[in-house]
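Please open the model in your viewer and keep the selection panel at hand. The tour below moves from the whole chain to a few chosen places.

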Amino acid sequence: MQNNKTFSGSGDLLLKNRNEFLPGISVDNVIFGYHDGKIKILLNKFISFNKWMLPGGFIYTSESVNGAAIRILKERTGLEDVFLKQFHTFGDINRTSLDENMDLLNKHFTDSEARNKNHWLIQRYVSIGYYAFVDYSRTSIKCYDDEDIQWSDLDKIPALYSDHNKIIQTAIREICKYIAYIPIGYELLPEKFTMSDLRLIYEAFLGEKLDRRNFQRKMLSMGHLNKLDEKSEKRGVKPAVLFSFNKEKYTEGITKFLKI
């Protein structure tokens with residue numbers, strides 16, 4: 001993962017005329033990475049606000065909903081052409097707190113318009129959720145100059161803004177429904193990896209320990225993996241056989257998954 005880089009302030013974006021965006025609709029991306037044996041999720045936070053949140057944003061009138069999700073993913077990670085899937089629409093009437101939104105505006109902006117209780121940013125919004133799997137080592141994380149951004153371990157996610165904890169939980173449930181159809185490790189792992197790394201990813205999503213031998217037997221039977229004549233060389237760790245993904249089989253699995 002490359003070091004964080006900053007780009008233009010988020011305040012200008014948030015204070016733009018609402019006519020530039022589709023009214024009442026936003027996008028939230030659950031971006032998964034894998035590093036040092038842990039599943040991680042990308043979070044961002046305004047420096048003046050105490051709640052972390054998912055990288056998200058509004059949809060320009062000139063772009064599609066999918067286009068907005070792809071734009072946000074690329075802006076935040078520097079990556080494109082990665083696995084990104086829409087999984088749920090979040091539209092509960094009370095999904096956001098008016099008091100929380102007013103607190104965000106009052107702390108983040110000095111503009112008098114932002115303090116107006118009729119400001120368009122504190123109206124009701126329906127959010128369309130997407131999840132993405134990215135190679136942690138290839139990401140170039142970027143943030144606005146008035147915010148922080150970080151990877152958080154999946155098992156250490158704090159209380160987030162709005163219903164973003166629920167969005168993460170829903171994403172994980174959806175992934176678990178179809179985990180047999182798509183080799184998720186393809187997107188999360190480097191080109192060469194150990195079977196233990198792959199098993200840790202499945203265990204993190206499923207929330208349970210898996211039998212090492214049964215897991216390896218099942219993974220190999222699917223035909224998605226190539227066993228290499230190489231072993232890992234991590235200091236202090238017993239060398240283990242390395243594997244890579246079979247691109248053709250992976251593409252076949254993706255095609256079946258997208259038809260579900």
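What follows is a short walk through a predicted model.

Begin with the protein chain as a whole, shown as a cartoon, in which eight helices and 11 strands can be followed. Of the 260 residues of the protein chain, 47% count as buried, and the accessible surface comes to about 13,800 Å², with 47% of that area belonging to carbon and sulfur atoms. If you display contacts with a separation of 6 or more, residues 24 or more positions apart account for 74% of them.

Next, select residues 241–245, which form strand 11, a mostly covered element in which four of the five residues are buried. Add residues 225–231, strand 10, which runs antiparallel to strand 11 and is joined to it by four bridges; within this pairing, Lys 231 stands opposite Val 241 of strand 11. Then bring in strand 9, which also pairs with strand 11 in the antiparallel sense, here over two bridges, and look for Thr 194 opposite Leu 242.

From strand 9 (193–194), continue to the second largest pocket, since this strand, strand 2 (21–35) and helix 6 (195–206) each supply at least two residues of its lining. The second largest pocket holds about 430 Å³ of space, and of the 23 residues that line it, Tyr 34, Leu 189, Pro 190, Asp 197 and Lys 234 are the closest to its centre. Colouring the lining by residue class, finally, should show nine nonpolar, six polar and eight charged residues.

How values were computed
Residues numbered from 1 in each chain as written. Predicted model: local features only at pLDDT ≥ 70, side-chain atom pairs only at ≥ 80, totals over all residues. Heavy atoms only, no water. 1 Å grid on protein atoms, 1.4 Å probe; cavity = no way out; pocket = protein on both sides within 12 Å on 5 of 7 lines; lining within 4 Å. Points joined across faces, edges and corners; volume = space filled by probe spheres on them. Nonpolar A, V, L, I, M, F, W, Y, C, P; charged D, E, K, R; others polar. Buried < 20%, exposed > 50% of the residue type's maximum accessible area, 1.4 Å probe, protein only. Contact = heavy atoms within 4.5 Å. Areas by Shrake-Rupley, 256 points an atom, 1.4 Å probe, with all protein chains shown as cover. Pairing = 2+ DSSP bridges.
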